[in-house]
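Tutor: Take your time with the picture that follows. Then tell me which part you would like to examine closely.

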Amino acid sequence: MNAPNPSTQDPIAIARALLRCPSVTPAEGGALACLEGLLTPAGFAVHRVTFEEPGTAPVENLYARIGTAAPHLVLAGHTDVVPPGDTSSWRQPPFAAEIVDGVLYGRGAVDMKGAIACKVAAVLDHLAARSGKPKGSISFLITGDEEGIAVNGTVKLLAWAQARGEKFDHCLLGEPTNPERLGDMIKIGRRGSQNGTLVVAGTQGHVAYPELADNPVSGIVRLIAALTAEPLDNGSEHFDRSNLEFTSVDVGNQTVNLIPAEARARFNIRYNDCHSRESLRALVERRAAAAAGGIRWRIDWDVSNADVFLTAPGPFVDIARDAVAAVTGRTPRLSTSGGTSDARFIKNYCPVIEFGLLGQTMHKVDEHVATADLAALTSIYRRILDSYFS
Ligand SMILES: [Zn+2]
């Protein structure tokens, strides 16, 4: 199962070794063993830690550090991948790591074994230029549970590291951030995500005698209209407007002559830094209350672990932006767009930004990366390391 370890600073060779590991969540697939085989000889103290809890599969994770001094830069990522789906529809087998015309194919090529390979190659190269010793400390924080339910991954690995006394100054996460070309976009934050269910109570009755009943359908329609009538805000310096999106309206009534007793509507809000989770919930409830009149309603809020965050532009963001610009010739946009990532957990420990490969083929059939992009991303990471530890 274990892939052969490429004893090299070549990101393409490392990426191919990682892609040959079938590490579909929660399987380790040899991917962490591959990283251990590269990092241990370079002087890293490598820890393989397995987390589990009732009802979930145990998942392996890796934490590796070199150096004891500050500053401490942590390079984060995940080696697990989503399933390949129907392998016969792939042009190249999803775990063969074939290169055709300068393009490397495989599940995880961009999300995100390719970026991990670039980080490892850049770090080994950076260390070799300094006789193997970093000026501060460099760590790899690699989880095997990002694409799944993400309970035995980064959350627990960060807590484990903190319990050991690890202190991080900055984190660079390697998710695919570029929409079209390498150099398009650095992510400096992410919107928060909050799910809820609007529940309207009525009184069940016969459709021919509506005066004896209270139909919750008309009430929920009115509240849905009220909650989507106005934007939640007008955006902020680094964020688009928050958005409340209804995803399902459910009455579940199979009977043609029955007025139902209850109606429900599920929604998701992606929210920006105009709100905290608490102020957001209060705002939505105020708007519902203002429109409700005699409607009997409540909102059931789901537990959420995806709060909004922003890593404000400053020296750390500048280092990354300058490195991207120097290698690609493009000035990347500083963005907070897209879904959530493990950055939502890391931001509780240190400022975190994200820069990786192109996102276009992630999770798709024929996921692939240009080998030229792997070389360029390695140069970018190498520049970031050199500036950060200058
Ligand atoms: Zn990913």
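Student: What percentage of the 390 residues in the chain is buried? With that as background, please take me closely through the surroundings of the zinc ion, and then show me how other parts of the chain are arranged.

Tutor: What you see is a predicted model, in which local features need pLDDT of at least 70 and side-chain atom pairs count only at pLDDT 80 or more, while totals for chains, interfaces and linings use all residues. Residues are numbered from 1 along each chain as its sequence is written, and side-chain values use heavy atoms, with hydrogens and water left out.

To your question: buried residues make up 52% of the 390 residues, where buried means under 20% relative accessible area, exposed means over 50% and partly exposed lies in between, with a 1.4 Å probe and protein chains only. The chain has nine helices and 19 strands; these are DSSP runs numbered from the N terminus, with helices being H or I over at least four residues and strands E over at least two. Along the principal axes, the C-alpha atoms fill a box of roughly 85 × 45 × 40 Å. Taking contact to mean heavy atoms within 4.5 Å, residues 24 or more positions apart supply 79% of the contacts that have a separation of 6 or more.

Now to the zinc ion, which is coordinated at 1.8 to 2.7 Å by NE2 of His 78, an OD atom of Asp 111 and two OE atoms of Glu 175. Donors here are N, O and S atoms within 2.8 Å of the metal (3.2 Å for Na, K and Ca), and since water is not among the atoms, sites may look incomplete. Along the chain, the donors follow the spacing H-x32-D-x63-E. The pair His 78 and Glu 175 links distant parts of the chain, 97 residues apart, with His 78 in strand β3 (residues 72-78) and Glu 175 in the loop between β7 (170-173) and β8 (185-187). Both His 78 and Glu 175 are buried. Why is the arrangement around the zinc ion called irregular? The four donor atoms subtend angles of 51 to 143°, and therefore the arrangement counts as irregular: four donors are tetrahedral if all angles lie between 85 and 135 degrees, four are square planar and six octahedral if opposite donors are over 155 degrees apart and all others between 65 and 115, and anything else is irregular.

Strand β3 also borders two loops that deserve a careful look. Pro 71 lies in the loop between β2 (59-66) and β3, and the peptide bond from Ala 70 to Pro 71 is cis, with omega near -5°. On the other side, Ala 97 sits in the loop between β3 and β4 (99-100) and has a positive phi of about 55° although it is not a glycine; with a relative accessible area of 0%, Ala 97 is buried. Asp 101, in the loop between β4 and β5 (103-105), has a positive phi of about 50°, yet at 78% relative accessibility Asp 101 counts as exposed. As background, most residues other than glycine have a negative phi, and most peptide bonds are trans.

Two further residues show how side chains connect separate segments. Asp 366 is placed in the loop between β18 (352-354) and β19 (368-370) and is buried at 11% relative accessible area. A polar atom of the Asp 366 side chain lies 2.6 Å from the backbone nitrogen of Arg 91, and beyond its neighbours within four places in sequence, the contacts of Asp 366 include Trp 90, Gln 92 and Tyr 105. Thr 154, in helix α4 (residues 154-163), is buried at 5%, and its side chain makes a polar contact with the side chain of Asp 342 at 2.6 Å. A polar contact is a pair of N or O atoms within 3.5 Å; within protein, one must be able to donate a hydrogen and the other to accept it, and residues adjacent in sequence count only if both atoms are side-chain atoms.

Finally, the cysteines: a search of the whole structure finds zero disulfides, a disulfide being a pair of cysteine sulfur atoms within 2.5 Å. For Cys 34, the nearest cysteine sulfur belongs to Cys 21, 5.4 Å away, and Cys 34 counts as buried at 1% relative accessibility.
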